[in-house]
Amino acid sequence: MDLLLRATGWDAPGAAQPWMEIEAELGTELPRDYKQLCQAFGAGEFSQVVSVLCSDETRVADLLRTWRLLLSDDDSSDGPFAPYRIHAPGKTGGLIPWGMSRAADAFYWQVTDGPIDAGPVLAKTEDS
């Protein structure tokens, strides 16, 4: 995070994030570097390419809102995230969205039994 802050020249007061509430609803912790990123920058877009989902009052790039919508649409094992599912609290193996690109690519963490900071990152691309 220090390198990213220096590279971007970002000098902002930071964006408060309700991590206890977010992680309680998700039923899992979130990666430490992601939380630092959201604290420093808040929800938004890098280089008009990648948008990061955080707590967002505008609800445009809100992590929980996006996760809830995906979870409500993920009703079968052969759905749009196959062979994966969207994370449901109390289960492992599911995906939590953390970002998207302008090309409609989506980025996720996979919830595992191991430490969240070591969990896999997956991408879902949309072919044009």
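Me: Before we start, buried means under 20% relative accessible area, exposed over 50%, and partly exposed in between (1.4 Å probe, protein chains only). How many residues of S4 are buried?
Reply: Happy to help! This is a predicted model, where local features need pLDDT of at least 70, side-chain atom pairs count only at pLDDT 80 or more, and totals for chains, interfaces and linings use all residues. Residues are numbered from 1 along each chain as its sequence is written, and side-chain values use heavy atoms, leaving out hydrogens and water. Strands (E, at least two residues) and helices (H or I, at least four) are DSSP runs numbered from the N terminus. On one side of S4, Ala106, Tyr108 and Gln110 are buried, as are Phe107 and Trp109 on the other, and the count for S4 is five of its five residues.

Me: In S4, which residue is the bridge partner of Gly99?
Reply: Strands pair if DSSP finds at least two bridges between them. S3 and S4 do so in the antiparallel sense, over five bridges, and form a hairpin with four residues between them. In S4, the partner of Gly99 is Phe107.

Me: Which element gives the most to the largest nonpolar core?
Reply: Such a core is a set of buried Ala, Val, Leu, Ile, Met, Phe, Trp, Tyr and Cys residues joined through side-chain atoms within 4.5 Å. The largest one has 28 residues. Helix H2 (19-26) and strand S4 (106-110) are among the elements giving two or more residues, but the most, five residues, come from H3.

Me: Is Thr28 buried or exposed?
Reply: Thr28 sits in the loop between H2 and H3. Its relative accessibility is 17%, so Thr28 counts as buried.
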